[in-house]
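Here are a few short exercises to work through with the structure open beside you. Try each one before reading its solution.

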Amino acid sequence: MLRHCRFQRLLRAGVIYLDFGFMLGQSTVCGACQGRRFNDDVLGYELGGKHIADVLELPAENALDYLQGPDVKITAAAKIAQRFIDVGLGYVRLG
C-alpha cells in the first residue's frame with residue numbers, strides 16, 4: 001500500500017510508506033517535497049524569516065520565543081506553545 005505525502009494530497013509527514021505484506025514495510029523521504037510536507041508555493045512565504053516547515057520543526061520552548069517575537073506576534077499559537085511548556089512538554093515539536 002503506497003501512501004503519498006501532504007504535497008500529493010494524502011498527508012503522511014513527507015514520507016512514503018511501502019507495506020509489502022509479506023515482509024517489513026519500508027519508508028523513504030518523499031521526492032516531491034523532500035520531507036518538508038509542503039510544496040514550493042507554500043514554502044515561498046516567510047514569516048519572521050522562517051517557513052512554515054521550519055516553524056513546525058521547533059520545540060515548544062523555542063517556538064514560544066519565535067511566536068512572541070516582534071516580527072511575528074501570533075498570540076493564539078503562542079498560548080498553545082505556552083500550555084505545552086506549562087505541563088512539562090516544552091521539548092515536543094509543534095509539527
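**Exercise 1.** In this predicted model, find how the residues lining the largest pocket divide into nonpolar, polar and charged.

*Solution.* Start with the lining itself: 14 residues surround the largest pocket, and L47, I52, V55, Y66 and I74 are those nearest its centre. Next, sort the lining by type: eleven residues are nonpolar, one is polar and two are charged. Then look at the space enclosed, which comes to about 210 Å³. Finally, ask which elements supply the lining: α2, α3 and α4 each give two or more residues.

**Exercise 2.** Search the whole structure for salt bridges and work out which parts are tied together.

*Solution.* The search turns up one salt bridge. Its partners are E57 and R93, whose closest N and O atoms are 2.6 Å apart; the cut-off is 4 Å, so the pair qualifies. Now place the two residues: E57 sits in the loop between α2 (52–56) and α3 (60–67), while R93 belongs to the segment after α4 (75–86), so the bridge ties together parts 36 residues apart in sequence. Last, check accessibility: E57 is partly exposed at 44%, and R93 is partly exposed at 45%.

**Exercise 3.** Examine the phi angle of K73 and say whether this residue is buried or exposed.

*Solution.* Begin with the usual expectation: most residues other than glycine have a negative phi. K73, however, has a positive phi, near 50°. Its place in the chain is the loop between α3 and α4. Exposed means over 50% relative accessible area, and K73 has 56%, so K73 counts as exposed.

Technical notes:
Residues numbered from 1 in each chain as written. Predicted model: local features only at pLDDT ≥ 70, side-chain atom pairs only at ≥ 80, totals over all residues. Heavy atoms only, no water. Salt bridge = Lys/Arg side-chain N within 4 Å of Asp/Glu carboxyl O. Helix = DSSP H or I, 4+ residues; strand = E, 2+ residues; numbered from the N terminus. Buried < 20%, exposed > 50% of the residue type's maximum accessible area, 1.4 Å probe, protein only. 1 Å grid on protein atoms, 1.4 Å probe; cavity = no way out; pocket = protein on both sides within 12 Å on 5 of 7 lines; lining within 4 Å. Points joined across faces, edges and corners; volume = space filled by probe spheres on them. Nonpolar A, V, L, I, M, F, W, Y, C, P; charged D, E, K, R; others polar.
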